[in-house]
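Welcome! Take a moment to look over the chain and its fold, and then let us walk through it together, one region at a time.

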Amino acid sequence: MLYRTLGRTGLHVSLLSLGTGGPSNFGQSTGVPEPDIHRLVRRALDVGVNIFDTAAGYRDSEAILGRALKGVPRDRYYLATKFTPEWEEEVVTPQDVVESVERSLTRLQTDSVEILQFHGVRPQQYRAVMERLLPTVLKLRDQRKCRWIGITEQYGEDGAHEMLQMALEDDHFATAMVGYNLLNQSADRLVYPQCLQHNVGVFIMFAVRRVLAVRERLEETVADLKQRGLVATDVLPDRKPLDWLIKGNVDSIPSAAYKFTAMHPAVSTVLSGTANLEHFESNLRALEDPTLPEDDYARLHDLFGQVLDPIGN
């Protein structure tokens with residue numbers, strides 16, 4: 001396992017991290033029995049994964065993770081969780097945040113998490129969320145309910161990272177969770193320079209998801225990008241448009257996608273949100289050597305470097 005520094009936190013975190021959200025919701029949406037999730041978590045620990053990301057809004061993911069980690073020495077892993085700062089387009093109350101965090105700690109069976117994150121903040125609500133809730137979160141940090149504060153974007157609505165650009169300028173946060181993949185690379189120019197400047201640790205989400213894991217969905221997405229003039233019509237085949245990446249140590253499109261996201265120096269850790277042990281093992285192999293051939297990496301930038309759509313699912 002490779003390790004990188006998570007920005008100003010100074011934590012040395014595994015390049016591959018385990019997330020409990022995504023389409024599977026830690027197996028809750030795909031019918032994976034909880035004992036299998038426990039085995040997945042223990043396997044992750046065995047191979048060197050030392051950071052787990054979850055959220056109050058991921059159904060029972062926090063409680064499942066807490067049970068899976070029961071008995072594991074607390075110094076073997078780091079925890080990142082999130083609270084939801086908006087409900088029905090209104091900013092929640094400070095008391096809502098306190099109650100959410102206390103509930104998260106109970107579910108996770110711990111007194112403190114390393115990273116407490118504002119979850120999925122939208123650009124139009126960022127200022128109101130900060131004004132109303134940041135003092136409460138800083139107080140929770142002072143009370144040692146968390147060690148550092150992070151923020152995550154609503155990538156599905158904000159492919160151009162407008163919210164994160166505001167947040168990074170304000171410099172309140174030690175970490176940022178960024179939607180980034182080889183089809184939407186806009187963070188390269190819109191987010192990562194500020195992250196490096198302010199020493200903000202970067203979690204990657206949407207590295208693969210369904211668009212890069214399901215051939216038909218990838219073909220449909222590339223066809224749509226061609227139709228809208230975002231990708232030239234003659235530069236990629238209509239079928240299997242990215243199979244030219246599969247060679248050498250790249251055995252699949254998801255493997256290429258994980259390697260691509262890990263290559264940027266601003267990236268600290270890449271989240272794998274799978275609840276499938278076989279998929280986890282494949283993701284692990286992909287990041288054992290987190291590099292693509294230089295020519296392929298450059299070609300991907302040439303092909304998709306201007307795309308701002310929140311591509312992923």
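## Contacts around a loop residue

Two residues are in contact when they have heavy atoms within 4.5 Å. Keep that in mind as you look at Thr 9, and remember that this is a predicted model. Leaving out residues up to four places away in sequence, Thr 9 touches Ile 115, Trp 148, Ala 174 and Thr 175. Thr 9 itself sits in the loop between β1 (3-5) and β2 (12-14).

Is Thr 9 buried or exposed? Its relative accessible area is 9%, and buried means under 20%, so Thr 9 is buried. Its side chain also has a polar partner: a polar atom there lies 2.7 Å from the backbone oxygen of Leu 6.

## Strand β8 and its neighbours

One of the residues that Thr 9 touches is Ile 115. Residues 113-121 make up strand β8, where nine of the nine residues are buried, so the strand is mostly covered.

Which strands pair with β8? One is β5 (residues 78-83), which pairs with β8 in the parallel sense over four bridges. Here Phe 83 has Phe 118 in β8 as its bridge partner. Another is β9 (residues 146-153), again in the parallel sense, this time over six bridges. In this pairing, Leu 116 stands opposite Ile 149 in β9. To get from β8 to β9, the chain passes through helix α4 (residues 126-142), and this β-α-β crossover is right-handed.

## Strand β12 and its neighbours

Now move along to β12 (267-272). Six of its six residues are buried, and the strand is described as mostly covered.

β3 and β12 run parallel and are joined by three bridges. β11 (residues 201-205) also pairs with β12 in the parallel sense, over three bridges. Try finding Val 270 in β12: Leu 16 stands opposite it, and Val 270 is also the bridge partner of Ile 204.

## A pocket and a cavity

How many residues line the largest pocket? There are 45, and those that lie nearest its centre are Gly 21, Gly 22, Pro 23, Arg 209 and Gly 273. The volume of this pocket is about 1,100 Å³. Several elements each supply at least two residues of the lining: β6 (86-87), β8, β9, α9 (253-262), β12 and α10 (277-286). The largest share, three residues, comes from α10. The strands β8 and β12 that you have just met are among these contributors.

The structure also holds one cavity of 30 Å³ or more. About 40 Å³ of space lies in the largest cavity. Its lining is made of Ile 151, Ala 167, Leu 168, Asp 171, Phe 173, Thr 175, Ala 176, His 198 and Val 200. The elements that give two or more residues to this lining are α5 (162-170) and β10 (175-179). You may recognise Thr 175, which is one of the residues touched by Thr 9.

## A buried leucine

Next, look for Leu 69 in the loop between α2 (61-68) and β5. With a relative accessible area of 4%, Leu 69 is under the 20% limit, so this residue counts as buried.

Which residues is Leu 69 in contact with, leaving aside its neighbours within four places in sequence? They are Val 41, Arg 42, Leu 45, Phe 52, Tyr 77 and Leu 79. Leu 15 is 54 residues apart from Leu 69 along the chain, and the C-alpha atoms of the two are separated by 20 Å.

## Two residues with positive phi

Finish with a look at backbone angles. Asn 25 is not a glycine, although it has a positive phi of about 50°. Gln 109 is not a glycine either, and its phi is positive too, at about 60°.

Where do these residues lie? Asn 25 is in the loop between β3 (16-19) and α1 (34-46), while Gln 109 is found in the loop between α3 (94-108) and β8. Asn 25 has a relative accessible area of 15%, so it is buried. For Gln 109 the value is 43%, and partly exposed covers the range between the 20% and 50% limits, so Gln 109 is partly exposed.

Key:
Residues are numbered from 1 along each chain as its sequence is written. This is a predicted model: local features need pLDDT of at least 70, side-chain atom pairs count only at pLDDT 80 or more; totals for chains, interfaces and linings use all residues. Side-chain values use heavy atoms; hydrogens and water are left out. Buried means under 20% relative accessible area, exposed over 50%, partly exposed in between (1.4 Å probe, protein chains only). A polar contact is a pair of N or O atoms within 3.5 Å; within protein, one must be able to donate a hydrogen and the other to accept it, and residues adjacent in sequence count only if both atoms are side-chain atoms. Two strands pair if DSSP finds at least two bridges between them. A crossover is right-handed if, with the strands pointing away from the viewer, the path from the first strand over the helix to the second runs clockwise. On a 1 Å grid over the protein atoms alone, a cavity is a set of points where a 1.4 Å probe fits but cannot get out, and a pocket is an open set with protein on both sides within 12 Å along at least five of seven lines; lining residues have an atom within 4 Å of a point. Grid points are joined across faces, edges and corners, and a volume is the space filled by probe spheres set on the points.
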